[in-house]
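Trainee: I'm new to this structure and would like a close look at the largest pocket. Where does the largest share of its lining come from?

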Amino acid sequence: MNAAATKRQVGILGTGSYVPERVLTNGDLEKMVETNDEWIVTRTGIRERRIAAEGESTTDLAERAARAALEASGVAPEEVDLVIVATITGDRPFPSTACRLQERLGLPRAAAFDLQAACAGFIYALSAACQSVASGLCRHALVVGAERLSSITDYTDRNTCVLFGDGAGAVVLGPVEEGRGFRAFELGADGSGGDLLTLNEKGFIAMNGREVFKFAVRIMGAAAEEALAKADIDLLVPHQANVRIIDAALERLELPPEKCMVNLDRYGNVSAASIPLALDEAVRCGRVKPGDCVVLVGFGGGLTWGASVLIW
């Protein structure tokens, strides 16, 4: 699906993120399962990930990131009309994490719902929120990617437990001046590959690593190429799943490493939270400047994928 992004110009007004305090290193995992630091780093690029504290919920993670994004945006609570939380690890089937977040933040006017598209969920949520603001349905939207993947990770499975972590990232969308904001979205799905990355009967993540890797290398590059056809990129913010996948995408796109934001070595794969978490870090460390063309691209279970282009 290819959708133009604007009827009126919509952009990101503020970003925020949060990760739990507990750090789970590769050395820690060596004591839990048959693996080692060299094996993990060589195959994934991950050195550590963050793990939620006991009793720390997905809503808790989302709230911290959302408050930071709202503060950065300068948008008042009563000016937020929509809350979308992209997650596969909501606190419960219902009420939604978004509704719990809406109540916590005191957003009296906001509609709220969760969106589930796994690691591509944040791009899907951005698209929905952008269209809502662009059409005039709402003034401002809060979009959050939040995951507590430790709750569905089998720490006896060395093929998956080394990959995943917990955290949240958020953005506030609103009208921006001409020449800024979202230019395009590319969204897609292939349900025939759903069993390659799923929850097993025990409620844990199960993955055919080889096939997911091949899919990810192909789709990450293809989705980014579609985006690059519409813009001259200044910064690529990819889903943080595996450094080899990111390197393959950079090679295909002929982009130098300095044009790519990578932080998976510290946080691992945080599913729907990984792109907004990396984007917020890029903003805070000065890697995004006004007028820059930023491309966000992700892929995940479903199988799903998405990319977006915006002028900062």
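Mentor: Let's fix our vocabulary: helices (H or I, at least four residues) and strands (E, at least two) are DSSP runs, numbered from the N terminus. With that, the largest share of the lining of the largest pocket comes from α6, with four residues.

Before we go further, remember that this is a predicted model, where local features need pLDDT of at least 70 and side-chain atom pairs count only at pLDDT 80 or more, while totals for chains, interfaces and linings use all residues. Residues are numbered from 1 along each chain as its sequence is written, and side-chain values use heavy atoms, with hydrogens and water left out. The protein chain averages a pLDDT (the predictor's confidence in each residue, from 0 to 100) of 91, and 95% of the residues score at least 70. Watch the start, though: over residues 1-6, pLDDT stays under 50. Where pLDDT is low, the predicted coordinates should not be read in detail.

Back to your pocket, which holds about 490 Å³ of space. (A pocket is an open set of points on a 1 Å grid over the protein atoms alone, where a 1.4 Å probe fits, with protein on both sides within 12 Å along at least five of seven lines; lining residues have an atom within 4 Å of a point. The volume is the space filled by probe spheres set on the points, which are joined across faces, edges and corners.) There are 22 lining residues, and N159, L163, M207, G209 and N242 are the closest to the centre. Besides α6 (209-228), at least two lining residues each come from α2 (37-44), α7 (243-253) and β13 (293-300). By type, the lining has twelve nonpolar residues (Ala, Val, Leu, Ile, Met, Phe, Trp, Tyr, Cys and Pro), three charged (Asp, Glu, Lys and Arg) and seven polar (the others, Gly among them).

Follow β13 onward and you reach the loop between β13 and β14 (304-311), where L303 lies. G302 and L303 are joined by a cis peptide bond, with omega about -10°. Another cis bond links F94 to P95, with omega about 0°; P95 sits in the loop between β5 (80-86) and α4 (97-105).

Now for the packing. The largest nonpolar core (buried Ala, Val, Leu, Ile, Met, Phe, Trp, Tyr and Cys residues joined through side-chain atoms within 4.5 Å; buried means under 20% relative accessible area with a 1.4 Å probe, protein chains only) has 38 residues, and L126, L173, V237 and L296 have the most contacts inside it. Helix α5 (residues 121-134) gives nine residues to this core, the most of any. Leaving out residues up to four places away in sequence, V237 is in contact (heavy atoms within 4.5 Å) with M261, I275, A278, L279, V294, V295, L296 and V297. V297 itself belongs to a second, separate core of 24 residues, along with I233, L250 and W305, among others.

For comparison, look at the second largest pocket, about 270 Å³ in volume. Its 14 lining residues include I88, A118, L197, T198 and L199, nearest its centre, and strand β10 (residues 197-199) gives the most, three. A118 has a positive phi, near 55°, without being a glycine, and it counts as buried because its relative accessibility is 10%.

Terms used
Buried < 20%, exposed > 50% of the residue type's maximum accessible area, 1.4 Å probe, protein only.
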